[in-house]
Each structure stands twice: as structure tokens, then as C-alpha cells.
Amino acid sequence: MAEFNQPLSGNDIPRFGGIATMMRLPVRESAVGLDAAFIGVPMDSGTSNRPGARLGPRQIRDESRMLRPYNMATRAAPFDSLQVADIGDVPVNPFNLHKSVDIIHDCYRDVLSRNCTPLTLGGDHTLLLPVLRAMRERHGPVGLIHVDAHADINDLMFGEKIAHGTPLRRAVEEDLLDCRRVVQIGLRGTGYAADDFDWPRQQGFRVVPAEDCWHRSLKPLMEQVREQLQGGPVYVSFDIDSLDPAFAPGTGTAEIAGLTAPQALEIIRGAHGLDIVGGDLVEVAPPYDPSGNTALLGANLLFELLCVLPGVKRRS
Ligand code: MN
Ligand code: MN
């Protein structure tokens with residue numbers, strides 16, 4: 001097992017010491033030789049309400065210090081069979097969102113060309129568009145598990161086509177998605193129009209509003225999602241505001257009555273067995289949660305995503 005990178009143990013250097021990489025993994029300059037890479041996108045120029053997600057990657061890395069290498073619930077052992085590292089942050093341009101989108105696209109094109117699966121620490125949800133553009137170049141249109149309080153299907157925001165509330169609309173227009181294999185989970189709140197959630201349904205998406213998730217396990221839902229999404233590449237995009245603000249107050253556009261932390265785990269664990277080609281955890285905005293609990297949740301969800309990647313073995 002020594003051939004695979006391992007997270008630095010809390011018994012070798014205290015968890016509050018050392019270099020604050022994701023899961024205390026080694027830093028690598030590029031994705032060369034990696035099966036999966038954690039990548040930060042410190043960007044919030046696409047936010048429409050409260051900014052702060054540019055600080056997300058750093059706090060997620062800090063809060064990931066407590067993560068140990070084995071998943072006690074699923075017995076997944078990602079570091080037994082995958083070479084994983086933290087390849088740092090995409091050098092986005094904080095003054096120019098459109099340039100940032102192109103910079104992210106270039107970066108992910110390179111990562112995917114190395115046969116490396118990217119797991120992204122966001123950053124605002126605008127990053128989904130350039131990541132999906134790179135995914136399409138590599139895999140063709142992908143299936144998508146989109147967990148979010150919002151549909152992110154606005155055509156324009158302040159007249160702009162690129163913003164954190166528009167990536168799904170652009171993705172459909174640009175044929176980045178296999179629309180019959182797209183599910184949106186956790187949508188809720190108030191809308192610009194009463195039929196806001198009908199547009200994604202018209203594209204062929206399955207839309208699961210938060211109300212349909214209340215008071216229940218999401219395991220049966222995920223059985224159906226697996227059936228719907230199997231047979232092709234799947235990307236997982238997880239907006240932390242899908243969770244109730246009681247669990248995840250550290251985000252820019254909070255909505256009440258959201259998912260619970262156990263339901264978030266059920267969703268990601270329920271994606272096991274799909275051909276997952278990448279994932280992200282976006283919209284953690286540390287200024288609104290000085291406790292760090294939102295970022296702690298985000299770090300754990302990224303670990304859970306790692307645990308369901310193809311090729312990860314489960315110890316018996
Ligand atoms: Mn979103
Ligand atoms: Mn959202």
C-alpha cells in the first residue's frame with residue numbers, strides 16, 4: 001500500500017499542524033500520475049447575493065484535518081487503490097469572471113487529459129460551467145446529479161449570461177448534458193416565476209424538490225437515480241446550500257427547510273456504482289460561519305465523493 005499517497009496521520013504530526021492540504025494529502029504540481037485530485041477554485045465573482053465563497057477552499061482544507069482515511073459506514077478505502085493528491089488552486093482572476101471561466105476550463109482540460117478525476121473545492125457555482133465544458137470534450141455529454149436549493153437555470157442575471165445562477169441553462173444550451181440522465185435534488189424557496197422549476201423538467205431532468213425529501217430516507221430515491229443515470233459518465237455537483245441553514249449557515253444564498261446532513265450522505269453514498277467522472281462541493285462561504293462547521297461538512301462530503309469513485313475498493 002506504500003505505493004499510494006496516504007493522508008498524514010494525526011498520530012505523526014498533530015492535526016492542527018503541518019501544511020493545510022485537503023485531508024493532509026501531499027501537494028502535487030499537476031495531475032500527472034494521479035487517479036483523483038482535489039482542486040480549489042477560490043472564486044466568488046459570480047455570486048449574486050453575499051460573497052465569500054472565494055475563501056471556501058482554504059477553510060475546507062483546514063476543516064478536512066480531522067478526516068481519517070477509511071469510511072467507517074461504507075468501509076470504502078480510497079487510499080488503498082487510488083493515487084490521490086491536492087493539486088492546489090486554479091489561478092482565477094478576481095477582477096474578471098469571464099477570464100476566470102476560461103482559466104478554469106483550461107485547467108480542467110489538462111487534468112482530464114491525464115486521466116485524473118477532479119474533485120473541486122469551491123468557489124461559487126459558476127465554476128460548474130467551465131468544468132462541464134471540459135467534461136464534454138473528454139466524455140461527451142454527461143449525466144448529472146445536481147444537489148442544490150436552486151435550479152441554477154436562469155437565462156440572465158443583471159443581463160449577464162455567466163453567473164452562479166445560470167450554469168445549468170448554459171450547460172443545456174451548449175449540449176454539455178445528457179438531459180435524460182440529470183437529476184436535481186433539494187430545490188426549494190421562492191422563485192422569480194411560479195413555473196421556474198418547470199423549465200428543467202421540460203429539458204428532461206428529474207426534479208426532486210426539498211419538500212419531497214422532508215422526513216424521509218433518500219435511499220429509495222437514490223436507487224431510482226442509479227437506475228436512471230447508469231450507462232454513461234456522471235458528474236456530481238453539490239451546492240452546500242442544498243442543506244438546511246441549520247447545518248450549513250456558511251453560504252451566500254441560504255434557503256430554509258433544506259436537506260439534513262444524513263440525507264446529504266445518503267445522496268452521495270447512493271451514487272456508488274455509477275461511472276462518476278468528477279464532482280464538486282461549492283458555495284461554502286466561511287465569513288457566515290466562523291465555527292467552521294459548514295466547511296467541515298463540505299470537507300466530509302468531498303471525502304464521501306472520493307469514496308464512491310470507480311475503482312475504490314471496500315474492505316470487508
Ligand atoms: Mn448552485
Ligand atoms: Mn444554491
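These are my notebook entries on the metal site, two helix pairs and a few single residues of this predicted model.

**Entry 1: manganese ion, ligand 1**

I began with the metals and listed the protein donors of the manganese ion (ligand 1). They are His125 through ND1, and Asp148, Asp152 and Asp239, each through OD. These donors lie 2.1 to 2.2 Å from the ion. I then wrote out the spacing of the donor residues along the sequence, which reads H-x22-D-x3-D-x86-D. Asp152 sits in the loop between strand 4 and helix 5, while Asp239 belongs to strand 7 (residues 233-239), so this pair ties together parts that are 87 residues apart in sequence.

I checked the accessibility of that pair as well. Asp152 has a relative accessible area of 7% and is buried. Asp239 is also buried, with a value of 2%.

**Entry 2: manganese ion, ligand 2**

Next I looked up the donors of the manganese ion (ligand 2). Asp148 (OD), His150 (ND1) and Asp239 (OD) coordinate this ion, and Asp241 is listed twice, both times through OD. The distances run from 2.1 to 2.5 Å. The sequence spacing of these donor residues is D-x1-H-x88-D-x1-D.

I wanted to know which residue bridges the two manganese ions. Asp148 does, and ligand 1 and ligand 2 lie 3.3 Å apart. I noted that Asp239 also stands among the donors of ligand 1 and among those of ligand 2.

For burial, I found Asp148 at 0% relative accessible area, which makes this residue buried. His150 comes out at 18%. The cut-off for buried is under 20%, so His150 counts as buried too.

**Entry 3: Ala151, in the loop after strand 4**

I moved on to Ala151, which lies in the loop between strand 4 (142-147) and helix 5 (167-173). Ala151 is buried, at 5% relative accessibility. Leaving out residues up to four places away in sequence, I found contacts from Ala151 to His146, Leu168, Gln184, Leu187 and Phe197. I also took the C-alpha distance from Ala151 to Pro200: 7.8 Å, for a separation of 49 residues in sequence.

**Entry 4: helix 3 against helix 4**

I turned to helix packing. Helix 3 (residues 97-113) and helix 4 (residues 128-139) have axes 8 Å apart, at an angle of about 35 degrees. Their crossing is right-handed. On the helix 3 side, the contact uses Val101, Ile104, His105, Tyr108, Arg109, Leu112 and Ser113. Helix 4 contributes Pro130, Val131, Arg133, Ala134, Met135, Glu137 and Arg138. Sorted by class, the residues in this contact are 8 nonpolar, 2 polar and 4 charged.

I added a note on Ser100, which is also in helix 3. Ser100 is buried, with 0% relative accessible area. Beyond residues up to four places away in sequence, Ser100 touches Met43, Val92 and Asn93.

**Entry 5: helix 8 against helix 9**

How do the axes of helix 8 and helix 9 cross? I found that the axes of helix 8 (residues 261-269) and helix 9 (residues 293-307) come within 9 Å and cross at roughly 20 degrees. The two helices are therefore roughly parallel to each other, and their crossing is right-handed. Ala261, Ala264, Leu265, Ile268 and Arg269 make the contact from helix 8, with Leu297, Leu301, Glu304 and Leu305 from helix 9. By class I noted 7 nonpolar residues, 2 charged and no polar ones.

**Entry 6: Leu297 and helix 1**

I followed Leu297 further, since this residue of helix 9 appears in the contact with helix 8. Leu297 is buried at 14% relative accessible area. Its contacts, not counting residues up to four places away in sequence, are Ile240, Leu243, Phe247, Ala248 and Ala261. The C-alpha atoms of Leu297 and Ile60 are 8.5 Å apart, with their positions 237 residues apart along the chain.

Ile60 led me to helix 1 (residues 56-63), where the buried residues are Gly56, Pro57, Gln59, Ile60 and Arg61. I looked up what these buried residues pack against: strand 1 (36-41), strand 2 (84-89), strand 3 (117-122), strand 8 (275-282) and helix 9.

Note on methods: Residues are numbered from 1 along each chain as its sequence is written. Chains are lettered from A and ligands numbered from 1 in the order in which they are written. This is a predicted model: local features need pLDDT of at least 70, side-chain atom pairs count only at pLDDT 80 or more; totals for chains, interfaces and linings use all residues. Side-chain values use heavy atoms; hydrogens and water are left out. Axes are lines fitted to C-alpha atoms, for helices over the stretch in contact, and angles run from 0 to 180 degrees between N-to-C directions. Helices (H or I, at least four residues) and strands (E, at least two) are DSSP runs, numbered from the N terminus. Angles under 35 degrees count as roughly parallel, over 145 as roughly antiparallel, 65 to 115 as roughly perpendicular and the rest as oblique. A crossing is left-handed if the near helix is turned anticlockwise from the far one by less than a right angle, and right-handed if clockwise. Contact means heavy atoms within 4.5 Å. Ala, Val, Leu, Ile, Met, Phe, Trp, Tyr, Cys and Pro count as nonpolar, Asp, Glu, Lys and Arg as charged, and the others, Gly among them, as polar. Buried means under 20% relative accessible area, exposed over 50%, partly exposed in between (1.4 Å probe, protein chains only). Donors are N, O and S atoms within 2.8 Å of the metal (3.2 Å for Na, K and Ca); water is not among the atoms, so sites may look incomplete.
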